[in-house]
Structure formats: structure tokens, C-alpha cells
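This report describes selected local features of one protein chain, moving from side-chain burial and ring packing to a covalent link, a pocket and some backbone details.

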Amino acid sequence: MRRLIYIVCFSFIFSVLNAQEEHLKPTIFDNTDPTRWMYVPPAPEPGIRGDQYLFETWKKVELVFAGGQSRNDLYVNLDLETQKLEISTEEGIKVIPNGMVNNFWYLEKGDTMHFVSANRMDLCSSMDVGYVEVKYASEETQLLVLHTLDVKKPSYNERLGIGDNNIKRYKERSYLVLRDKKCATLSGSNKKIQKQLVDVLRNKRVNSLVDKNDLKLKDEEDLTRLFELIQA
């Protein structure tokens, strides 16, 4: 119930940010669509380790479009390399244009996993991010997860005959806190993250709540718990 409240709060905030957004109609899911921007991804390439998709299996989600329409019968995945949301259809995979979907969510072991478009958000990140995961949201504060992809080039040295000749893809996650118009990236040790939170939240209760509840802020569950305790 608490996570559903967060979704309602964040959806309201996001609707304000997108008040001027052009109303796009989700007609792309009609198989008679003549625009033909659908594509089928290439077959797996040799020499590549790891994939670019956030989810191991495609998730059946509820999508909310920019025009207010919603769909709850579509399977999607997030391509971290392009930061595009993709939909699986009988004809193949379709890519959703930027700005068409405001947010989507699905249930995972009883928890609501909620993602919103970063298209109109002012994030303190140099990375090009299409969607962010919402771990906590109130009218003033949001705790967000950025899902990105780190691609390592082959390290093989032909002269020496050593190294790895594969391209490697690593899925990474980082945490952002939005408070009013301020944004902070959380990183480092537990103590460093604690100090960063005190600075951005301007709340002296952070220190006492961390100590009292023995919270390890590098742990996502404990980090989210801190925001819930502050709001309580």
C-alpha cells in the first residue's frame, strides 16, 4: 500500500513536469501501423559477453502514455545501451519513441517496481538515461535508481598473446536523491553516503535514524528504509 502511495505521488509530480508534452497516441501497437519503424534485433554476436537488457526475462507491465492512455497487457524490456524501452510483439520487437511513455510498473514478489521517463527530469548525471527506477517518492523528495551499461573493450595484446579478446557488458546501478530543485548522487562508503544525505535532505534526523536502526546505506533496502523512516 505504501509503495502504491509513492506511485500516486510521483505520477502527480511527473504529470506537472509533462504538462506541456505533446499528446502522443499509442497507435504504434496496432499491427497495421504503416510507419514501419519496427526492427528485429541482430543475432548474438561472437566476442561479446553479457547483454544490454535490464531484465533477464521480459516483464508484463502497465504502461502510462503521455496522453494519459494506459496498457497492461504488454511485455517490455529496457535496452541499457540505447536507453530505449522495447516492446515484444508478434511481429518482432518495437522501440518506443522518447516522450511516448511517462511511466510503467510491475509487481515483483509482492513489491511494486516503478519506472518513470527521465525525458523531462533535471538529473545530476552526465549519463544519457531514458528511464529511472523510483524507490521512494513524496511531494518534495525522490530516491531514484539509474540503470546504466558499462562496456569494456577487448584487452587482448596480440604481440604478447595475453588478455581478453571479448567485449564485456556490465550492468551498473547508481542512486540519486532529488530534493526540491537539488540533486545529489550517492556514492562511496556508508559514512560518506550518510553525509551526502544530511547535506541534500537538510534533516538532522538522518544520523540518529541510521544509528538507531543500524542501517547500512550501501544496501538498497536499508537506504529505502531510511527515507520511509524520515517520512513517518
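A residue counts as buried when its relative accessible area is under 20%, as exposed when that area is over 50%, and as partly exposed in between. The model discussed here is predicted. By this scale phenylalanine 104, with a relative accessible area of 0%, is buried, and phenylalanine 115 is likewise buried, at 1%.

**Aromatic rings**

A pair of aromatic rings is described by the distance of the centres and the angle of the planes. The structure holds six aromatic pairs, and two of them are set out in the table below.

| Pair | Centre to centre | Angle between planes | Arrangement |
|---|---|---|---|
| Tyrosine 53 and tryptophan 58 | 5.7 Å | 45° | tilted |
| Phenylalanine 104 and phenylalanine 115 | 5.0 Å | 0° | stacked |

The stacked pair links distant parts of the chain, since phenylalanine 104 belongs to strand S6 and phenylalanine 115 to strand S7, 11 residues apart. In the tilted pair, tyrosine 53 counts as buried because its relative accessibility is 12%, which lies under the 20% limit, whereas tryptophan 58, at 28%, counts as partly exposed. One aromatic cluster is formed by Phe55, Phe104, Tyr106, Phe115 and Tyr131, and this cluster therefore includes both partners of the stacked pair, phenylalanine 104, which is buried, and phenylalanine 115, which is buried as well.

**The disulfide**

A search of the whole structure finds one disulfide, which joins cysteine 124 to cysteine 183 with an S to S distance of 2.0 Å. The link of cysteine 124 and cysteine 183 is left-handed, with -65° about the S-S bond. Distant parts of the chain are brought together by this pair, for cysteine 124 lies in the loop between S7 and S8, while cysteine 183 lies in strand S11 (residues 182-186), 59 residues apart. Cysteine 124 counts as partly exposed, at 28% relative accessibility, and cysteine 183 is also partly exposed, with a relative accessible area of 25%.

**The largest pocket**

How many residues line the largest pocket, and which of them lie nearest its centre? The lining comprises 21 residues, of which Met113, Glu133, His147, Arg173 and Glu220 lie nearest the centre, and the space in this pocket amounts to about 480 Å³. At least two lining residues each come from strand S6 (101-108), strand S7 (111-117), strand S8 (131-137), strand S9 (141-152), strand S10 (167-179) and helix H4 (220-231). By class, the lining residues of the largest pocket divide into six nonpolar, three polar and 12 charged.

**Backbone details**

Strand S7 also contains serine 117, which counts as buried at 5% relative accessibility. A polar atom of the side chain of serine 117 lies 3.1 Å from the backbone nitrogen of asparagine 119.

Most residues other than glycine have a negative phi. Glutamine 83, although not a glycine, has a positive phi of about 60°, and lysine 109, also not a glycine, has a positive phi of about 55°. Both lie in loops: glutamine 83 between strand S3 (70-79) and strand S4 (84-89), and lysine 109 between S6 and S7. Are these two residues buried or exposed? Glutamine 83 is buried, because its relative accessible area of 5% falls under 20%, whereas lysine 109 is exposed, because its relative accessible area of 82% is over 50%.

Note on methods. Residues numbered from 1 in each chain as written. Predicted model: local features only at pLDDT ≥ 70, side-chain atom pairs only at ≥ 80, totals over all residues. Heavy atoms only, no water. 1 Å grid on protein atoms, 1.4 Å probe; cavity = no way out; pocket = protein on both sides within 12 Å on 5 of 7 lines; lining within 4 Å. Points joined across faces, edges and corners; volume = space filled by probe spheres on them. Helix = DSSP H or I, 4+ residues; strand = E, 2+ residues; numbered from the N terminus. Nonpolar A, V, L, I, M, F, W, Y, C, P; charged D, E, K, R; others polar. Phe/Tyr/Trp six-rings, centres within 6.5 Å; stacked < 30°, edge-to-face > 60°. Buried < 20%, exposed > 50% of the residue type's maximum accessible area, 1.4 Å probe, protein only. Disulfide = S-S within 2.5 Å. Polar contact = N/O pair within 3.5 Å; in protein donor to acceptor, adjacent residues only side chain to side chain.
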